[in-house]
Amino acid sequence: MTSTSMRTHQCGELRAEHVGQTVSLCGWVGRRREHGEKLAFVDLRDHTGVVQCVVDNEVDVRSEYVVRITGVVRERPEGTANDALPTGEVEIGECRVEVLRRATPPPFPIDARADEVDEQIRLQYRYLDLRRERMQRNLRIRSTVNSAVRAAMERQGFVEVETPMLVPSTPEGAREFLVPSRKEPGSFYALPQSPQLFKQLLMVAGIDRYYQIARCLRDEDLRADRQYEFMQLDMEMSFVGQDDVLDAVSEAVLSAAEAVTGERPDRIERMTWRHAMDRYGVDKPDLRFGMELVELTEVFATTEFKAFAGAGAIKAIRVPGGADEYGRNQLDKLTDRAKSLGAKGLVWLKVTAEGFDSPVAKFLSADEAAALRARTEAEPGDLVLVVADEWATTCEVLGQLRNDIGRPPVHQGPYRYVWIVEFPLFVGIDATTGRPKPGHHPFCMPHPDDLHLLETDPMAVRALAYDLVLNGWELGSGSIRIHESELQRQVFANLGIDQEAADRKFGFFLNPFEYGAPPHGGFAFGLDRLVAILAGEENIREVIAFPKTQSGSDPMTNAPVPGDPRQLAELGLRVLPPAT
């Protein structure tokens, strides 16, 4: 019970055991229903729930009026209990109503019907949208997660330290928000993409175990699981190996899930990046459903079928019952989808009792057809999809088709966590520089077994890097860090960052390592994403109090807005048309 000088109870707390008590409640008027000439039923709402109040019909209270009601708790008349409400056995009678603030009629109903309202309107009036039970529940789940995470980190000896919001620009793989300096015209701060550099410096400083619930900002295109500004559990540990970090983060994540659901998930399983790509075709696999990729390269090693001959990798997925579900038009769309993802084509085969129904069945030998059916464990009525291409393309195309066809909504149970480990240190070649691009960021420790490949075959080097995935959503990333400046400079060199550029951009970060940096590693996971899944939401905007739209605007405040000419002049800035 949360009593104050204005109320004795909250609306959702009242039960049969309160019958006979005189109570004072404060909240918003939900529905008002006339009950004859003398009485009206008023649903009074606060964040704990709704209770029915029987008031004088002449009292002027309307939707969303803020009121204080004092009355006596009594049982509802026989046959009128509302089983859909926790307070449905009781009502408040003998009511005295005090109007604390009148209200303009809201632009949409403050109940579940608002889910059908255009999101732009909901965000324009977000302060009204947040009054709804769904949104109240989501924000309180978020608070529960934050509290559980903090408690878990403190149990493990971590110290909360705040890091700066105005930082130097650093190449971390995403666009930054720049902040002009008034004191130094032409110079800029950046808003932090993460506290990465500072938390590593805290390890040099001997903090040993650091964490914070950090606000980070990235100027990236928005979608269901991404906002410009986001919150993450950020942590770093000294004198540790990879297992130590994974265990510490697992404790925080599993404690948060338990605090919300009441059940502690099982220990989080682990899988290498290569294994994830081979079996699921993505580095953030959803383990809640089957349709795993099946290796067929050896089956067709000597094939005469031109579409398969000479392919670097041949893999398939089996779609149970897909033969009847997918007609020719849908199969053509799947083929177009595969091509749009980079494949040369897509082979489909419907499984029958006699064999395969497919335009390419005649090109397969009897042994190949038998092996294909055996490897995929295909049954009559199933659909088999095959891609033959380079290994990466084959995996990625089939992985995306697997998700397109079989993946359930992200919040739909069960919760399947998985650690993905041993990511590549470098991924792809930068089209501008012709140099490798970092797989995670430039500060990941190369796998000790692959150090000898840094100069001769850098693309084959694995990193002591790891991601945490839940139901196919990447929650976060981390790594064991490079703690030797010589090795850090070597990795920079692979990325095309010479010593002069490294000293200019990262001197403040590299120089302290000369004074004794301990072995260390860390991690950060997105609280918005974890909360969304635990709250049963598909979009992180539903668990953020004041989010931006997918276009990056804020309909409530109208941000972003043009810069004031006087401010721009003071900062030495003028606005030019965007570069084309």
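**Entry 1: the sheet**

I started at β6, which pairs with strand β9 (residues 209–217) in the parallel sense over two bridges. I note at the outset that this is a predicted model. Which residue of β9 stands opposite E160? I found Y211 there.

I then traced the whole sheet. It is open, has eight strands and shows mixed pairing. I wrote down the order as β6-β9-β10-β22-β21-β20-β17-β11. Which strands stand at the edges? They are β6 (159–160) and β11 (269–272). Each has a single partner strand, so one side of each is left without a neighbour in the sheet.

**Entry 2: helices on the sheet**

I looked next for helices lying across these strands. α3 lies across β6, β9, β10 (229–238) and β22 (520–526). I noted its direction as about 150 degrees to β9. Helix α6 (residues 273–280) lies across β11 and β17 (417–421). Its angle to β11 is about 85 degrees.

**Entry 3: a helix pair**

I checked helix α4 (residues 196–204) against helix α12 (residues 499–510). Their axes come within 10 Å and cross at roughly 35 degrees. From α4, the contact uses L197, Q200 and L201. From α12, F506, F508 and F509 take part. I sorted the contact residues of α4 with α12 by class: five are nonpolar, one is polar and none is charged.

**Entry 4: the second largest pocket**

I went back to α3 (133–155), now as part of a pocket wall. The second largest pocket holds about 900 Å³ of space. I listed 35 lining residues. Which of them lie nearest the centre of the pocket? They are R45, V50, L85, D111 and E133.

I sorted the lining by element too. β1 (22–35), β2 (39–46), β3 (49–56) and α3 each supply at least two residues. α3 gives the most, with five. By class, the lining of this pocket has 17 charged, 10 polar and eight nonpolar residues.

**Entry 5: the second largest cavity**

How many cavities of 30 Å³ or more does the structure hold? I recorded two. I looked up the second largest, which has about 30 Å³ of space. Its lining consists of L425, F426, P438, H441, P442, F443, C444, V491 and L495. I put eight of these down as nonpolar and one as polar, with no charged residues. The lining of the second largest pocket, for the record, includes 17 charged residues.

Definitions and conventions: Residues are numbered from 1 along each chain as its sequence is written. This is a predicted model: local features need pLDDT of at least 70, side-chain atom pairs count only at pLDDT 80 or more; totals for chains, interfaces and linings use all residues. Side-chain values use heavy atoms; hydrogens and water are left out. Axes are lines fitted to C-alpha atoms, for helices over the stretch in contact, and angles run from 0 to 180 degrees between N-to-C directions. Helices (H or I, at least four residues) and strands (E, at least two) are DSSP runs, numbered from the N terminus. Contact means heavy atoms within 4.5 Å. Ala, Val, Leu, Ile, Met, Phe, Trp, Tyr, Cys and Pro count as nonpolar, Asp, Glu, Lys and Arg as charged, and the others, Gly among them, as polar. On a 1 Å grid over the protein atoms alone, a cavity is a set of points where a 1.4 Å probe fits but cannot get out, and a pocket is an open set with protein on both sides within 12 Å along at least five of seven lines; lining residues have an atom within 4 Å of a point. Grid points are joined across faces, edges and corners, and a volume is the space filled by probe spheres set on the points. Two strands pair if DSSP finds at least two bridges between them.
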